[in-house]
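Visitor: Got a minute to walk me through a bit of this model? I'd like to start with a backbone angle.
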Amino acid sequence: MRLKDKVAIVTGGNQGIGQATVHRFAEEGARVAILARREDEGRAVEAAVRDQGGDATFIPCDVTDRQQIAAAAAVAAVPNPLLKRKERKRLKRKPLKSLKV
């Protein structure tokens, strides 16, 4: 697992190459944030990754909107609340100092 303890943010992760990237990063142990506009497809990819034992979270986001990108980055930096307490502690990230938008 080359990406264990890493966070991967994949834009357009709800279809095509982005979807394949989400699955590959999850297979390699990354905690994957899926950023896309179409929620139904994004949630489907999120569920597929989790069904295979991976950690993925869909975050609705239009990457042409700086505020949405900043908000998505803040969400991606927080460990998944569904993980066990011990696992969350191990994955704890340093808070973002600032996001310039």
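Guide: Sure. Helix α2 is followed by G53, and the phi of G53 is positive, near 90 degrees. Keep in mind that this is a predicted model.

Visitor: Okay, what about the helix itself: how far apart are the end C-alpha atoms of α2?
Guide: They're 18 Å apart. That agrees with what you'd expect, because 13 residues (39-51) at 1.5 Å a residue should span 18 Å.

Visitor: Which residues of α2 are buried?
Guide: G42, V45, E46 and V49 are buried in α2. They sit on the same side of the helix, because they cover an arc of only 100 degrees around the axis.

Visitor: Why would residues three or four places apart point the same way?
Guide: An α-helix has 3.6 residues a turn, so that spacing brings them round to the same direction.

Visitor: And what do the buried residues of α2 pack against?
Guide: Their partners are α1 (16-27), β2 (31-36) and β3 (55-60).

Visitor: Which residues are exposed on the other side of α2?
Guide: Over there, D40 and D51 are exposed.

Visitor: Switching topic to E39: where is that residue found?
Guide: E39 is in helix α2. It counts as partly exposed, because its relative accessibility is 39%, between the 20% limit for buried and the 50% limit for exposed.

Visitor: What is E39 in contact with, leaving aside neighbours within four places in sequence?
Guide: F58 and P60. E39 and F58 are 19 residues apart in sequence, while their C-alpha atoms are 7.9 Å apart in space.

Notes
Residues are numbered from 1 along each chain as its sequence is written. This is a predicted model: local features need pLDDT of at least 70, side-chain atom pairs count only at pLDDT 80 or more; totals for chains, interfaces and linings use all residues. Side-chain values use heavy atoms; hydrogens and water are left out. Helices (H or I, at least four residues) and strands (E, at least two) are DSSP runs, numbered from the N terminus. The expected span of a helix is 1.5 Å times one less than its number of residues. Buried means under 20% relative accessible area, exposed over 50%, partly exposed in between (1.4 Å probe, protein chains only). The arc is that of the directions from the helix axis to the C-beta atoms. Contact means heavy atoms within 4.5 Å.
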